[in-house]
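Subject: Structure handover

Hello,

Please find the structure below. My notes on what was found in it follow.

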Amino acid sequence: MTTDFRFREVLARHRLECVALTDVGVARDHNEDAFWVDEDFGAFVVCDGMGGHAAGDVASHIATKVIASTIVRTPSSGKTEPLRRAMERANEAVFTRSQIDPACKGMGTTGVGLRLEDDVFHICHCGDSRAYLFRQQQLTQLTRDHSLHNLYQERPDLRGTMGEAQSNMIVRALGLSLTCDVEHRSMPVDVGDIYLLCSDGLTDLVGDDHIANVMRRNRHLGDMGGRLVDMANDAGGRDNITVVLIAVR
């Protein structure tokens, strides 16, 4: 397990407290998740190499590295474009590697990221790694999974042609094609907010109500994150588990 615990003043308005943990889980023998946090840029990313695809760990590490380097080189704009462009470049890098390296053919990764600029958090994601907001003791999911199940909800006419046996299959991810559709949104920050980024190794096994209860019962981010990882492992730990918690003080 890797833990990262830091404080950072961002534009003299907010103090961010961040804790990041990743765990291989019970069933897997290697970790295909990756994360990147940088308080200097108020930026946080979680990527999950896609299970069942070749070299998922390569994909997630390429994606986080490219996102990080792009954000570091890109000036603040007050908009979602820098983070979105960083994820688009990550998609290109993962796809290109999959085309030239036979060992990486077919690899991909989900991705979810936050970036704080002034009083706004910009959120971008592709796949089923999630972002949540815990505000005034209530947990709200900020992203929607790009899954076959959710596609069915939006397009009921497709159910008869695609079948429902694999409704949790991801239909959007970084690296599967040369271009990708990165979903994005922005929202104002409030003191006391806690943001959660996580891979599906947590959310497939721990429901939102249980996540919210853990966040209500623990004051310290380290305790919250450790308890969430433990709950996923106690429930079977069938996938890698990554949790990034960011508190606005």
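**Strand 10 and its partners**

Strand 10 and strand 11 (residues 241-248) run antiparallel and are joined by 5 bridges. Two strands are taken to pair if DSSP finds at least two bridges between them. Helices (H or I, at least four residues) and strands (E, at least two) are DSSP runs, numbered from the N terminus. Within this pairing, leucine 197 has valine 244 of strand 11 as its bridge partner.

Strand 10 also pairs with strand 7, again in the antiparallel sense and over 5 bridges. There, leucine 197 in strand 10 stands opposite alanine 131.

Strand 10 covers residues 194-198, and 5 of its 5 residues are buried. Buried means under 20% relative accessible area, exposed means over 50%, and partly exposed lies in between (1.4 Å probe, protein chains only). In a regular strand the side chains alternate between the two faces of the sheet. Here Ile194, Leu196 and Cys198 are on one side, Tyr195 and Leu197 are on the other, and both faces are covered.

**Background**

This is a predicted model, in which local features need pLDDT of at least 70 and side-chain atom pairs count only at pLDDT 80 or more, while totals for chains, interfaces and linings use all residues. Residues are numbered from 1 along each chain as its sequence is written, and side-chain values use heavy atoms, leaving out hydrogens and water.

The protein chain has 7 helices and 11 strands. Of its 249 residues, 52% are buried. Among contacts (heavy atoms within 4.5 Å) with a separation of 6 or more, 67% are between residues 24 or more positions apart.

**Arginine 130**

Arginine 130 lies in strand 7 (residues 130-135) and is buried, with a relative accessible area of 14%. Leaving aside residues up to four places away in sequence, arginine 130 touches several residues, including Leu196, Leu197 and Cys198. Asp208 is also one of the residues it touches.

The side chains of arginine 130 and aspartate 208 form a salt bridge at 3.9 Å, N to O. A salt bridge is a side-chain nitrogen of Lys or Arg within 4 Å of a carboxyl oxygen of Asp or Glu. Aspartate 208 is in helix 6 (residues 208-217) and arginine 130 in strand 7, so the salt bridge ties together parts that are 78 residues apart in sequence. Aspartate 208 counts as partly exposed, at 31% relative accessibility.

**Other charged residues**

The whole structure holds 11 salt bridges. One of them joins arginine 249 to glutamate 17, with the closest N and O atoms 2.7 Å apart. This pair links distant parts of the chain, 232 residues apart: arginine 249 is in the segment after strand 11, and glutamate 17 is in strand 2 (residues 14-23). Arginine 249 is partly exposed at 32% relative accessibility, whereas glutamate 17 is buried at 8%.

Glutamate 183 and arginine 144 form a salt bridge through their side chains (3.0 Å, N to O). Glutamate 183 is in strand 9 (residues 183-188) and arginine 144 in the loop between strand 8 (138-141) and helix 3 (148-154), 39 residues apart. Arg85, Glu88 and Glu92 are linked in a network of salt bridges.

What about aspartate 48: which side chain of opposite charge is nearest? That side chain is arginine 28, 6.4 Å away, and aspartate 48 is buried without a salt bridge. For charge, Lys and Arg count as positive and Asp and Glu as negative, with His and the chain ends not counted. Aspartate 48 is in strand 4 (residues 43-49).

Regards
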